[in-house]
Amino acid sequence: MSKIIYFIGTAGSGKSIAVHAFQVWMNTQGYDAITVNLDPGAENLVYNPNVDIQDWITLKEAMKDTDLGPNAAQIYCADMLALNATEVSETIKGFDTNYILVDTPGQMELFTFRESSRVIVEEFGRDDAMIVFLVDPILAGTPSGYVSSIMLSATTQFRFSIPLATILSKADLLSEEKLERILEWSKSPDALNTSLEEETGSPAILASSEFFKALESVGAFRPLLPISSLNLQGFEDLYNEIQTAFEAGEDLATD
Ligand SMILES: Nc1nc2c(ncn2[C@@H]2O[C@H](COP(=O)(O)OP(=O)(O)OP(=O)(O)O)[C@@H](O)[C@H]2O)c(=O)[nH]1
Ligand SMILES: [Mg+2]
């Protein structure tokens, strides 16, 4: 049974390039993986997906057919994904592969918040599926930006209820010092809170609130894996994390 891995993250967080880079890395390790593009608006993709939603629906055609503007047409396309879910799923299942790497639409809310994506996840099979959530290092560079990013990742997990791994994409753009700071926040709520105090100038802004505890209890403080698609770095850790997530799922299923 193939494992399906959805790459989800904010616009420009590096999803498409990560899907491609992870496939390249897997192939160099002797693992079999195919790529699936679910972004109907993707132009000039850096890779040639094995299965492309644009064979069924494209943003350009949707705009022409419906007279909608680009944003409404994006939503229209996102909702239309569900209509093609069965056919796309059958096409994917025609491949004999161990891993299916799925690139999702640019703006994450188009995938995360629309009902059709849940239809897709069901249709493709949720038992062997997980999410890789990409945290953009530019957004996560400040303490409040970091908190916002992990809230998005927690929202995504809440929405789909499948295992999720969080990666810090484009890690090569960060200095050693900045990278260490962000990784420290991912490991230590106390360190994050201290940095938040420094940023906002107000004492114990989160530690005193239930909000911070809620973040902890939904598992928002999870290890962040730094990845560079440019340098093919961090993919071994990601691969191991993916194995662990699927094994945990299988253990639950056999309990
Ligand atoms: N330095 C560096 N740049 C990266 C890396 N990954 C992606 N980028 C750059 O980030 C930008 C966005 O990358 P994409 O892979 O298109 O991101 P995306 O999330 O698919 O973007 P949309 O689908 O348009 O929302 C591009 O300019 C990439 O060159 C990386 O590992 N290192
Ligand atoms: Mg993309």
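Start at Gly 30. This residue follows helix H1, and its phi is positive, near 85°. Keep in mind as you go that this is a predicted model.

**Helix H1 and the ligand**

Step back and select H1, residues 15-28. How far apart should the ends of its 14 residues be? At 1.5 Å a residue, the expected span is 20 Å, and the end C-alpha atoms are 20 Å apart, so the two agree. Now colour the buried residues of H1: Lys 15, Ser 16, Ala 18, Val 19, Ala 21, Phe 22, Gln 23 and Trp 25.

Next, show ligand 1. There are 17 residues around ligand 1. Which of them come nearest? They are Gly 14, Lys 15, Ser 16, Ile 17 and Gly 106. H1 gives the largest share of this shell, three residues. By type, the shell holds four nonpolar, nine polar and four charged residues.

**The sheet**

Hide the side chains and display the strands. Seven of them form an open sheet with parallel pairing. Trace the order across it: S3-S2-S4-S1-S5-S6-S7. Which strands stand at the edges? They are S3 and S7; each has a single partner strand, so one side of each lacks a neighbour in the sheet. Strands of a sheet pair through backbone hydrogen bonds, either parallel or antiparallel.

Select strand S4, residues 99-103. Four of its five residues are buried, so S4 is largely enclosed by the rest of the structure. Look to one partner, strand S1, residues 3-9. Five bridges join S1 to S4, and the two run parallel. Find Ile 5, which stands opposite Leu 101 in S4. Then look to S2. Five bridges join S2 to S4, again in parallel. Here Ile 34 has Ile 100 of S4 as its bridge partner.

Move along to S6 and S7. Three bridges join this parallel pair. Pick Leu 168; its bridge partner in S7 is Pro 226.

**A buried loop residue**

Go to Leu 38. This residue lies in the loop between strand S2 (33-37) and strand S3 (51-52). Is Leu 38 buried or exposed? Leu 38 has 25 C-beta neighbours inside 10 Å, so it counts as buried; the cut-off for buried is 20 or more. Now add Ile 53. The two residues are 15 apart along the chain, yet their C-alpha atoms are separated by 5.1 Å. Setting aside neighbours within four places in sequence, Leu 38 is in contact with Ile 53, Leu 81, Val 102, Asp 103, Thr 104 and Pro 105.

**Helix H8**

Select helix H8, residues 176-187. Its end C-alpha atoms are 17 Å apart, which agrees with the 16 Å that its twelve residues should span at 1.5 Å a residue. Highlight the buried residues of H8: Ile 182, Trp 185 and Ser 186. Now look down the axis of H8. The buried residues fall within an arc of 105°, so they line one face of the helix. An α-helix has 3.6 residues a turn, so residues three or four places apart point the same way.

What covers the buried residues of H8? The cover includes helix H7 (143-160), strand S6 (164-168), helix H9 (189-200) and strand S7 (224-226). Turn to the face away from the buried side. There you find the exposed residues Glu 176, Glu 177 and Glu 180.

**Helix H9**

Move to H9. From first C-alpha to last, its twelve residues reach 16 Å, close to the 16 Å expected at 1.5 Å a residue. Leu 192, Asn 193, Ser 195 and Leu 196 are buried in H9. Seen down the axis, the buried residues of H9 fall within an arc of 165°, so they line one face. They pack against H7, H8 and helix H10 (210-217). On the other side of H9, Asp 190 and Glu 198 are exposed. Just after H9, stop at Gly 201, which has a positive phi of about 80°.

**Two last stops**

Select Asp 67, in the loop between helix H2 (59-66) and helix H3 (70-80). Asp 67 is not a glycine, but its phi is positive, about 65°. With 8 C-beta neighbours inside 10 Å, Asp 67 counts as exposed.

Finish at Ser 161, in the loop between H7 and S6. Ser 161 is another residue other than glycine with a positive phi, near 55°. Ser 161 has 10 C-beta neighbours inside 10 Å and counts as exposed.

Definitions and conventions:
Residues numbered from 1 in each chain as written. Chains lettered and ligands numbered in written order. Predicted model: local features only at pLDDT ≥ 70, side-chain atom pairs only at ≥ 80, totals over all residues. Buried ≥ 20, exposed ≤ 12 C-beta atoms within 10 Å, placed from the backbone. Contact = placed C-beta atoms within 7 Å. Expected span 1.5 Å × (residues − 1). Arc of directions from axis to C-beta. Near = placed C-beta within 6 Å. Nonpolar A, V, L, I, M, F, W, Y, C, P; charged D, E, K, R; others polar. Pairing = 2+ DSSP bridges.
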